Amino acid sequence: YLDLEALEVLCYKSLGHDPVRLADLVSKTPQLRGIDLRLKLDNPIYGNGERHFAQAQSKRMTDQTSLYAELVDHNIRLLEWTWNALLAAHLQVADELKAIHRKHAFQSLRNLTFVNSTDIKQSAESTSVLPNMKILTLRNCHVGKLGDLKSVPSDLEFLAVLNCQSFASSILTPLLASHGANLRNLLLNHNNSLNLAFLPNLASSCPHLEKLHMDLRFYNTLVSSRDLEPHFDTLLTHEMVPTWPRSLQSLQLFHLRKWDMAAADTFFSSLVDSAAELPNLRYIDIKASINESNWRDRISFRNKWQTRMERVFKRVIIPPDPRLSSISVFMKHKHEFANNPSPGTYPAAGSIRNEVKKRFTHVEIQSEASTNISSDSDAPLASRLRSKRGPSPPDSPNSLQPTPRPSRRPKLKRKRNPDEDSSTEEDSALEDLNNDKDSQLIPDDDDDKDLFIQGMCDAVRVAIDNLRPTEEHLNESNFLDDEISGDEDYQD
């Protein structure tokens, strides 16, 4: 595979040598299977202004039409190819894409990428003559209507749409309905107009979908402007109930925003309710923010769904029985058990597995946090545990001791700075919330009695905060100096 930066390799001289002639390079690589002529400025972080500069510079490239003749003469069969519309040589053959794709060097293509295409309809029509194409990637392209992609093959297995600002759910929903029957991977990143309105029809449109990746972090189109906000009004409404394909294995959704708490509750409920129908799901990573001004409700929502998602989907690793590690260890245990057969000293061989298995067979599990809310929060934990075991005997010393009341300290209210991020206020108030008996921030497990425990996901990450997505996130390391802090000559 040849992965070349077009401007540096094909346009500029290096150490006094002329730019590389791609046709001559291809003639030396008879086993070539893919060519990717990329521009470093195709990265969305650079914006459209720099891409226009790259287009002006690319006009210095020589004509690459001889490249196609070299591919045919050397009987090279390509598997991957990238059409970049910012390269002047490719703009000259834009009207002949279909004729080029009919050459036997391109008939074996499986992976085709279009970059910076303003006439995506003509580009999509050229793919109709590629019988083996399974992967289609659109990057920095203008997709204004559904008819632009109507001609792509209907048996695609991988579809990636990256940084296409005009690509919306009104285009994606019918596209998946007509071309998603064999789709395995769906990658949707940095599309300003794309929301989650396509999820209600996802299961029926893509019955074999295995991976869904979506990142709603956007980039400025111009250096001098700020265009980081979504172009849609609502990410998802509470009437839109997502459906999930049974074959789904990985779900990654980042920087979800512009939805209310009711819509987010519908979204997470659809996942939990579909747990029995998602036996292959192994990875969940969701990062979202909620449009709610009340940070107490936001913390309550976060605690509720983080706990429930982990409980339903997170895999519990069963530790092996240490007494069965080898025959000698088992015989030693058997000999010790024969000498000390008192019950409870040595549990049965499969008791460890049975204890963990009990978690899945009996769904009704009450955590200590939920027990504190459902019962009297003023009563100490030891007293509540004794009340569950039953009343103490009359001679028990515990029955003669009065129940102590926990001390309650006055809570200090923190004055809020209007310019401060609400997520910082949430963290500062967590300590007060833990001592507040009237707060209902931890969900009660009584609502989860009928949940199906899937328990097969290796990773379940659900992050719900109020951080605003930016092009680059700064952390503490960005503000620390390497110099030693302090002044040795300073004295109080």
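The exercises below, each with a worked solution, concern a predicted model of a protein.

**Exercise 1. The overall make-up**

Find how many helices and strands the protein has, and state what share of its residues count as buried.

Solution. Begin with the secondary structure, where the protein shows 17 helices and 11 strands. Turn next to burial, for which the cut-off is a relative accessible area under 20%; of the 492 residues of the protein, 41% count as buried. Finally, consider how the chain meets itself: among contacts between residues at least 6 apart in sequence, 77% join residues at least 24 apart.

**Exercise 2. The sheet and its edges**

Work out the order of the strands in the open sheet, and explain which strands stand at the edges.

Solution. As a first step, recall that strands of a sheet pair through backbone hydrogen bonds, either parallel or antiparallel. In this model the open sheet of 11 strands has the order E1-E2-E3-E4-E5-E6-E7-E8-E9-E10-E11, and the pairing is parallel. The second step is to look at the ends of that order: strand E1 (2–5) and E11 each have a single partner strand, so one side of each is left without a neighbour in the sheet. As a third step, the twist can be added, which averages 10° from one strand to the next.

Two pairs of strands may serve as illustrations. E4 is joined by five bridges to strand E5 (residues 135–139), and the two run parallel; within this pair, valine 115 has arginine 139 of E5 as its bridge partner. Strand E10 (residues 283–289) is joined to E11 by seven bridges, again in parallel, and here alanine 288 has isoleucine 464 of E11 as its bridge partner.

**Exercise 3. An edge strand and its surroundings**

Decide whether strand E11 is largely enclosed or left open by the rest of the structure, and give the reason.

Solution. E11 stands at an edge of the sheet with a single partner strand, but the burial of its residues must be examined separately. Of the seven residues of strand E11 (residues 459–465), five are buried, and therefore the strand is largely enclosed by the rest of the structure. One element that packs on the sheet is H11, which touches both E10 and E11, and whose direction makes about 170° with that of E11.

**Exercise 4. Two packed helices**

Describe how H10 and H11 are placed relative to each other, and what kinds of residue make their contact.

Solution. Two packed helices are described by the angle between their axes and the distance between the axes. For helix H10 (residues 261–273) and helix H11 (residues 295–313), the angle is about 10° and the axes lie 11 Å apart. Because angles under 35 degrees count as roughly parallel, the two helices H10 and H11 are roughly parallel to each other. The residues that make the contact include Met261, Ala264 and Phe268 of H10, together with Phe301, Trp305 and Met309 of H11. When the residues of this contact are divided by kind, 10 are nonpolar, one is polar and five are charged.

**Exercise 5. Two unusual backbone angles**

Compare asparagine 116 and lysine 258 by giving the phi of each, its place in the chain and its degree of burial.

Solution. Most residues other than glycine have a negative phi. Asparagine 116, although not a glycine, has a positive phi of about 60°; asparagine 116 sits in the loop between strand E4 (111–115) and helix H7 (120–125), and its relative accessibility of 10% makes it buried. Lysine 258 also has a positive phi, near 65°; lysine 258 belongs to the loop between strand E9 (250–256) and H10, and with 28% relative accessibility it counts as partly exposed.

**Exercise 6. A serine and a leucine**

Determine how far serine 108 and leucine 78 are apart in sequence and in space, and which atoms of the two approach each other.

Solution. First locate serine 108, which lies in the loop between helix H6 (97–101) and E4 and counts as buried at 13% relative accessibility. Serine 108 and leucine 78 are separated by 30 residues in sequence, while their C-alpha atoms are 6.1 Å apart in space. Looking at individual atoms, a polar atom of the side chain of serine 108 lies 2.7 Å from the backbone oxygen of leucine 78. Beyond its neighbours within four places in sequence, serine 108 is in contact with Arg77, Leu78, Leu79 and Asn132.

Key: Residues are numbered from 1 along each chain as its sequence is written. This is a predicted model: local features need pLDDT of at least 70, side-chain atom pairs count only at pLDDT 80 or more; totals for chains, interfaces and linings use all residues. Side-chain values use heavy atoms; hydrogens and water are left out. Buried means under 20% relative accessible area, exposed over 50%, partly exposed in between (1.4 Å probe, protein chains only). Helices (H or I, at least four residues) and strands (E, at least two) are DSSP runs, numbered from the N terminus. Two strands pair if DSSP finds at least two bridges between them. Axes are lines fitted to C-alpha atoms, for helices over the stretch in contact, and angles run from 0 to 180 degrees between N-to-C directions. Angles under 35 degrees count as roughly parallel, over 145 as roughly antiparallel, 65 to 115 as roughly perpendicular and the rest as oblique. Contact means heavy atoms within 4.5 Å. Ala, Val, Leu, Ile, Met, Phe, Trp, Tyr, Cys and Pro count as nonpolar, Asp, Glu, Lys and Arg as charged, and the others, Gly among them, as polar. A polar contact is a pair of N or O atoms within 3.5 Å; within protein, one must be able to donate a hydrogen and the other to accept it, and residues adjacent in sequence count only if both atoms are side-chain atoms.
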